[in-house]
Amino acid sequence: MPKALIIGGGVAGPAAALFLRRAGWEAEIFEARHRPDAFGGLFLNVATNGLAVLDTLGLKARLLEDGHLSPYMEMHSGRGRKLGTVPNGPAGEPERGSVVVRREWLNAVLREATENAGIPLTWGARLERIEETPDGVTAHFADGSQATGDILIGCDGVGSPTRRWIDPEAPDPAYSGLLSIGGFARVDGLEPTPLTQHMVFGTRGFFGYLVRDDGTVYWFANPARAEMDRDALRAVPGETWLDELRAVHSEDPYPVPQILDNATGAVGAYGIYELPHVPHWHRGRVVAVGDAVHATSPSAGQGASLALEDAETLALCLRDLTAHEQAFARYQQLRQRRAEDVVKYSRAISRQKTATSSKLAVLLRDALLPLFLRGATRDTRNNHLYNHVIRWERSALDA
Ligand SMILES: Cc1cc2nc3c(=O)[nH]c(=O)nc-3n(C[C@H](O)[C@H](O)[C@H](O)COP(=O)(O)OP(=O)(O)OC[C@H]3O[C@@H](n4cnc5c(N)ncnc54)[C@H](O)[C@@H]3O)c2cc1C
């Protein structure tokens, strides 16, 4: 059986391993982190299209043990006025809406499935160097260990060393100018609205929240900030971020200030990066998947779903095309345009989140958005985002 070395145990890595196993490949996963992080990455939106991939893997029901259907997004102005509602999934089909879930649950569901399939995962294995020979490829890890396989799949996220190996001239991720800071809260008396995510165009910054059935609030804010690296972001105490956000959102409507005053547990802060166009997704025996080649801002809630789609498509190509170079080329051909379109769309949404200091611009936005959003719950223009289906039973040549 040919063997794939999979670098990264986030979203794409375990999904690729599971699909490859179905395609007749042996797979082994190597993850830089030393252990799972129950709080890491807070929560995320798994869109209808990503759910379809999880369904093909038989994992959707397990995901829903922690995640819940959230088919609407309600927009509010900084003065508390409702501006409109947009579907978070295909328009007019709320039962096929997207799902909000703790990120670690998504990761755990995928990992559990790889364990059940007997796919090995090594923690603390940070890829440092790749070496290709005519017969195979060797991954060298920071602790001095190494592994050899027939191909190497970089599912190593936005900072991907694999992308750099494939093309030393590959673009670096571009910082969007926004942070995503978030966490959990409980606010006495706040009514559960699990079906609806609330998005507030606050007077000085964007804020999102939803209230689960049990009263837990999932919240995030997108303050504009100069770039800070991951270690610098981690070094800032949660209470400092909360104080900063309380100042930014002090004039925003109920329950935004109350959520920030009642945050529970740790606060996570992440820079938002994008990779709008990576020309080369593969070289020789090495290919990259997910954020490594098309990192997107979280505004469209699609990054994880695109990574899942990539994983299935790549495995399909490796199943149906015997030469790995052909399979990799077909995979890039099938995926690049869609991924880049979503990154572009998500970026356009992020731009609307950037706070404006001009009162006139805010007035205009608050006056015009309701007109744009009128009837949005029935507007099918974005259905292509959610209705993308990969048919495992079809040949990669026909897909
Ligand atoms: C704040 C924030 C909110 C988001 N919200 C959403 C959302 O609501 N919906 C959505 O769909 N997407 C969201 N995203 C985007 C989403 O997280 C990514 O698109 C998705 O995780 C990509 O999956 P991936 O497997 O490609 O990368 P990742 O999930 O990042 O996994 C990469 C893995 O590789 C490992 N790794 C990195 N370097 C190495 C190395 N050298 N050696 C070995 N392992 C390595 C990492 O530790 C990590 O586990 C959000 C992103 C951020 C930052």
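The following exchange takes up the two domains of this predicted model, the interface between them, and some points of backbone geometry.

User: What should I keep in mind about numbering and confidence here?

Analyst: Residues are numbered from 1 along each chain as its sequence is written, and side-chain values use heavy atoms, with hydrogens and water left out. As this is a predicted model, local features need pLDDT of at least 70 and side-chain atom pairs count only at pLDDT 80 or more, whereas totals for chains, interfaces and linings use all residues.

User: How do you know where domain 1 and domain 2 begin and end?

Analyst: The bounds come from an automatic or database domain assignment, which gives domain 1 as 3–173 + 275–386 and domain 2 as 174–274. The C-alpha centres of domain 1 and domain 2 lie 22 Å apart.

User: What makes residues of domain 1 and domain 2 count as being in contact, and how many are there?

Analyst: Contact requires heavy atoms within 4.5 Å, and 41 residues of domain 1 meet this with 35 residues of domain 2. Buried area, the accessible area (1.4 Å probe) that two parts lose on being put together, summed over both, comes to about 3100 Å² for the two domains, with 64% of it on carbon and sulfur atoms. On the side of domain 1, Phe39, Phe43 and Lys353 lose the most area to domain 2, together 20% of what that side buries.

User: Why is the pair Arg347 and Glu274 called a salt bridge?

Analyst: The term asks for a side-chain nitrogen of Lys or Arg within 4 Å of a carboxyl oxygen of Asp or Glu; the side chains of Arg347 and Glu274 meet at 2.8 Å, N to O, and therefore qualify. The count between domain 1 and domain 2 is 1 salt bridge.

User: What makes β8 and β18 edge strands?

Analyst: Strands here are DSSP runs (E, at least two residues), numbered from the N terminus, and two of them pair if DSSP finds at least two bridges between them. The open sheet has 6 strands in the order β8-β2-β1-β12-β19-β18, with mixed pairing, and β8 (121–122) and β18 (282–283) each pair on one side only. Strand β2 (residues 26–30) pairs with β8 in the parallel sense over 2 bridges, so the pair satisfies that rule. Ile29 stands opposite Leu121 in β8.

User: Why are Leu42 and the bond from Tyr254 to Pro255 worth a look?

Analyst: Most residues other than glycine have a negative phi, and most peptide bonds are trans. Leu42, in the loop between β2 and β3, has a positive phi near 55°. The peptide bond from Tyr254 to Pro255 is cis, with omega near 5°, and Pro255 is placed in the loop between α7 (238–248) and α8 (256–261), helices being DSSP runs of H or I, at least four residues.
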